[in-house]
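Here is a guided look at one protein model, written for a reader who likes to have the chain open alongside the text. Keep the viewer handy as you read.

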Amino acid sequence: MGIQARNPAESGDTGADESADVAPLLTEIDHVAIAVHDLGAAIDYYRETFGAVVDHREVVESDGVEEALLKVAESYIQLLTPTRDDSPVAKYLERKGEGLHHVGYRVSDCGAALDAVKAQGGKVIDEQPRPGSRGTTVAFVHPKGAFGTLIELVQE
Ligand code: CO
């Protein structure tokens with residue numbers, strides 16, 4: 001084994017510096033949303049099994065859902081159930097059954113993050129940011145073009 005003639009730290013690889021110039025758009029996992037038939041039963045399950053309790057509960061009439069947010073560190077588990085038959089979550093439950101519905105990524109500027117998705121040719125559900133639950137501003141990105149995951153961009 002010879003003596004290292006070159007210090008890898010001085011190799012001139014500037015990759016790390018270059019990526020540091022671009023601030024990441026996603027700052028936190030805001031929530032993991034799970035579609036359920038019986039909101040009360042799901043809340044009980046999370047409390048009794050994991051000790052996770054409801055931090056916020058809200059009916060979002062425009063989306064036809066009732067949701068319960070269970071805080072886990074700085075993120076939430078969002079349990080979702082439809083309030084009417086024509087709600088997108090009702091259709092989801094009919095088609096796929098209970099389970100993971102979408103992932104909410106926290107961003108500091110929802111409009112800028114949405115523009116970044118569009119600039120990359122991504123398919124969006126919301127052309128403009130709109131009000132979400134607990135006073136947030138949100139926009140949904142279509143799962144087609146996002147590797148099969150419905151993404152919600154969440155600005156607090
Ligand atoms: Co959500």
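Strands β6 and β7 run antiparallel and are joined by two bridges, with β7 covering residues 137–141. In this predicted model, R130 sits opposite V138 of β7. Zoom out, and both strands turn out to belong to an open sheet of eight strands with mixed pairing, ordered β2-β3-β4-β1-β5-β8-β7-β6. The edges are held by β2 (54–60) and β6 (130–131); each has a single partner strand, so one side of each has no neighbour in the sheet.

**The metal site**

Next, the cobalt ion. Its ligands are H31 (NE2), Q78 (OE1), H102 (NE2) and E152 (OE), at 2.0 to 2.6 Å. The angles among these four donor atoms span 86 to 174°, and the site is irregular. Along the chain, the donors are spaced as H-x46-Q-x23-H-x49-E. Distant parts of the chain are linked here: Q78 lies in β4 (residues 75–82) and E152 in β8 (residues 151–155), 74 residues apart.

Are these two donors buried or exposed? The cut-off for buried is under 20% relative accessible area, and the table gives the value for each.

| Donor | Relative accessible area | Class |
|---|---|---|
| Q78 | 4% | buried |
| E152 | 8% | buried |

Both therefore count as buried.

**The nonpolar cores**

The largest nonpolar core has 11 residues: I34, V36, L39, A42, I43, Y46, A52, A68, L70, I77 and L79. Two or more of its residues come from each of α2 (39–50), β3 (65–72) and β4. Helix α2 gives the largest share, four residues. For a closer view, pick L39: leaving out residues up to four places away in sequence, L39 touches R57, E66, A68, L79, L80 and T81. Another core, of 10 residues, lies apart from this one and includes L114, A139, A146 and L153.

**Helix α3**

Which residues of helix α3 (residues 88–96) are buried? They are V89, A90, Y92 and L93. Viewed down the helix axis, the buried residues of α3 fall within an arc of 160°, so they line one face of the helix. P88, E94 and R95, on the other side of α3, are exposed. As for what the buried residues of α3 pack against, the partners are β1 (26–35), β3, β4 and β5 (99–107).

Terms used: Residues numbered from 1 in each chain as written. Predicted model: local features only at pLDDT ≥ 70, side-chain atom pairs only at ≥ 80, totals over all residues. Heavy atoms only, no water. Pairing = 2+ DSSP bridges. Donors = N, O, S within 2.8 Å, 3.2 Å for Na, K, Ca; no water. Tetrahedral: all angles 85-135°; square planar, octahedral: opposite > 155°, others 65-115°. Buried < 20%, exposed > 50% of the residue type's maximum accessible area, 1.4 Å probe, protein only. Core = buried A, V, L, I, M, F, W, Y, C linked by side-chain atoms within 4.5 Å. Contact = heavy atoms within 4.5 Å. Arc of directions from axis to C-beta.
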